Amino acid sequence: MEEYRLQIDKTAKPLLIIDYTFGGDRSLEQMKSTHLPTPLQNAKVKTEFDLAYAWSEFARKYLESTKEIAGTPLCWSGHYDQLGRVMLEMMRLSRDKHGMVDKEGVYEMIPNLEEIPFVSKPSTLEDKMFCRIWLSLIRHPAFIEMELDEDELTAFNYWQGLFTVALGKTNSELLNQVA
């Protein structure tokens, strides 16, 4: 079966995240040696890379087993790595939010680290929302027109806003790697 991969026109603002894979990350060794805050660590997830990899694998298993994508192409493997990298940045945003200068109130909506311990152990129904957000952002055919009830929509919009901030910070970090 053919793989789905987002194709975008190159813009004045390059989106390096779209071509990202763990294999091409220049800071991979640093991620592998940087331990997560103690409250987030568990038996399998101890480092930043472990967190990103756990999300990549969770997304792969979720997408390959969900009914929503029956008959649609599976994702290119890099899209799973991209989700993992953005989830790592979401954890960093939460961890570092108190030291960020926030003139527009964007960081006020970021939960404190102790409020999002699930980020280091993706496995629940709520965690599938992050996969759905990512798949809708990359316009995977099965996730372009999702049906959400009112409660789901509120949560989806909240987390999509945070996810978009983390996505922008991830792309900025990748741009700094090539500069």
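A residue counts as buried when its relative accessible area is under 20%. By that rule Trp55 is buried, and Phe130 is buried too. Both belong to a predicted model, in which the protein averages a pLDDT of 85 and 91% of the residues score at least 70. Among the elements of the protein, H1 has the highest mean pLDDT, 95, and H4 the lowest, 85.

Trp55 and Phe130 also form an aromatic pair. Their ring centres are 5.6 Å apart and the planes meet at 85°, an edge-to-face arrangement. Trp55 lies in helix H2 and Phe130 in helix H4, so this pair ties together parts that are 75 residues apart in sequence. The two residues are also part of a cluster, in which ring pairs link Trp55, Phe58, Phe130, Tyr158 and Trp159.

How many aromatic pairs does the structure hold? There are eight aromatic pairs. One of them joins Phe22 and Phe49: the ring centres are 5.1 Å apart and the planes stand at 70°, so this pair is edge-to-face. An angle over 60 degrees is what that label requires. Phe22 lies in the loop between strand S1 (3-4) and H1, while Phe49 is in helix H2, so the pair ties together parts that are 27 residues apart in sequence. Phe22 and Phe49 are both buried.

The next topic is the nonpolar core. In soluble globular proteins, nonpolar side chains tend to be buried together. Here the largest nonpolar core has 52 residues, and Leu51, Met87 and Phe163 touch the most other members. At least two residues of this core come from each of helix H1 (28-33), helix H2 (48-65), helix H3 (77-96), helix H4 (125-137) and helix H5 (150-178). Which residues does Met87 contact, leaving aside its neighbours within four places in sequence? Met87 is in contact with Leu51, Trp55, Val119, Phe130 and Phe163.

Helix H5 can be followed from its N-terminal end, which Asp149 caps. A side-chain oxygen of Asp149 lies 3.1 Å from the backbone nitrogen of Asp151. H5 has 29 residues, and at 1.5 Å a residue they should span 42 Å; the end C-alpha atoms are 42 Å apart, so the expected span and the model agree. The buried residues of H5 include Phe156, Trp159, Leu162, Phe163, Val165, Ala166, Leu167 and Leu174. Thr170, Asn171 and Gln177 are also among the buried residues of this helix. Two of the buried residues named for H5 have appeared already: Trp159 in the ring cluster, and Phe163 among the contacts of Met87.

Definitions and conventions: Residues numbered from 1 in each chain as written. Predicted model: local features only at pLDDT ≥ 70, side-chain atom pairs only at ≥ 80, totals over all residues. Heavy atoms only, no water. Core = buried A, V, L, I, M, F, W, Y, C linked by side-chain atoms within 4.5 Å. Buried < 20%, exposed > 50% of the residue type's maximum accessible area, 1.4 Å probe, protein only. Helix = DSSP H or I, 4+ residues; strand = E, 2+ residues; numbered from the N terminus. Contact = heavy atoms within 4.5 Å. Expected span 1.5 Å × (residues − 1). Polar contact = N/O pair within 3.5 Å; in protein donor to acceptor, adjacent residues only side chain to side chain. pLDDT = per-residue confidence, 0-100. Phe/Tyr/Trp six-rings, centres within 6.5 Å; stacked < 30°, edge-to-face > 60°.
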